[in-house]
Amino acid sequence: MNRRMAKGVHHEALRNWIHQAEADAGERGDMPTTAEREELAALRKKNAQLECVNEVLRTASAVLMARLDPPRPRMMALVEEHPHLEPVLRELSIPSSAYDRWRRRGRPRRP
């Protein structure tokens, strides 16, 4: 019989099982417990799923915004009504230079 194996179990596998049992019993702080490993695997899976969902939502949002595309003067008027200009311009993907040009030309009259 191979000296490295006892009854078909490799000595490294047995050593790993012992270390994991010690970690699960709180005797080792250098490796995660089985519960922590399972939780980490579940969180990684959930994170991957959420990343996929976010990508779908970003794509759908871009498609819908392209279809809606409100008239520029109306959008600029909405921007101007908001108390915090820079974040609104950034979220609506309006360059501040475009907003400045619109302001210099004079605001169109509201209907």
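Is Arg28 buried, partly exposed or exposed, and what is its relative accessibility? Arg28 counts as partly exposed, because its relative accessibility is 22% and anything under 20% would be called buried. Let's use that residue as a way into the rest of the structure, keeping in mind that this is a predicted model.

## The overall layout

Going along the sequence, you meet the elements in the order β-β-α-α-α-α-α. That gives two strands and five helices.

How much of the protein is buried? Of its 111 residues, 14% are buried. The exposed area comes to about 9,600 Å², and carbon and sulfur atoms supply 56% of that. As for contacts between residues at least 6 apart in sequence, 15% join residues at least 24 apart.

## Salt bridges around Arg28

Back to Arg28: its side chain pairs with Glu22 in a salt bridge, with 3.3 Å between the closest N and O atoms. Glu22 is partly exposed as well, at a relative accessible area of 24%. The protein has four salt bridges by the rule used here.

## Two bridges within helices

Helix H1 covers residues 11-24, and here the side chains of Glu12 and Arg15 form a salt bridge with an N to O distance of 2.9 Å. Why can these two be described as a turn apart? They sit three residues apart in the helix, so about one helical turn separates them. Glu12 is partly exposed, with a relative accessible area of 31%, and Arg15 is also partly exposed, at 38% relative accessibility.

Helix H2, residues 34-68, holds a pair with the spacing of three residues, Arg58 and Glu55, so these too are about one helical turn apart. Their salt bridge has its closest N and O atoms 3.0 Å apart. On the Glu55 side, the relative accessible area is 42%, which is partly exposed. Arg58 counts as exposed, because its relative accessibility of 51% passes the 50% cut-off. Elsewhere, salt bridges with shared partners link Glu22, Arg28 and Asp30 into one network.

## The nonpolar core

Which residues make up the largest nonpolar core? There are nine: Met75, Met76, Val79, Val88, Leu89, Ile94, Ala98, Tyr99 and Trp102. Three helices each supply at least two residues of this core, namely H3 (72-81), H4 (85-91) and H5 (96-105).

Met76 is a handy residue to click on if you want to explore this region. Setting aside neighbours within four places in sequence, Met76 is in contact with Ile94, Ala98, Tyr99 and Trp102. Each of those four partners is listed in the core.

## A nonpolar patch on the surface

Nonpolar side chains also turn up on the outside. Leu14, Trp17 and Ile18 form a surface patch, and together they have about 320 Å² of accessible area. Trp17 belongs to helix H1, the helix that also carries the Glu12 and Arg15 pair.

Is Trp17 buried or exposed? Trp17 counts as exposed, because its relative accessibility is 54% and the cut-off is 50%. By contrast, Trp102 is one of the residues in the nonpolar core, where membership requires a residue to be buried. Viewing Trp17 and Trp102 in turn takes you from the surface patch to the core.

Technical notes. Residues are numbered from 1 along each chain as its sequence is written. This is a predicted model: local features need pLDDT of at least 70, side-chain atom pairs count only at pLDDT 80 or more; totals for chains, interfaces and linings use all residues. Side-chain values use heavy atoms; hydrogens and water are left out. Helices (H or I, at least four residues) and strands (E, at least two) are DSSP runs, numbered from the N terminus. Buried means under 20% relative accessible area, exposed over 50%, partly exposed in between (1.4 Å probe, protein chains only). Contact means heavy atoms within 4.5 Å. Accessible areas come from the Shrake-Rupley method with a 1.4 Å probe; for residues, only the protein chains shown count as cover. A nonpolar core is a set of buried Ala, Val, Leu, Ile, Met, Phe, Trp, Tyr and Cys residues joined through side-chain atoms within 4.5 Å. Patches are made of residues with over 30% relative accessible area and no salt bridge: like charges are joined within 9 Å, nonpolar side chains (Val, Leu, Ile, Met, Phe, Trp, Tyr) within 5 Å.
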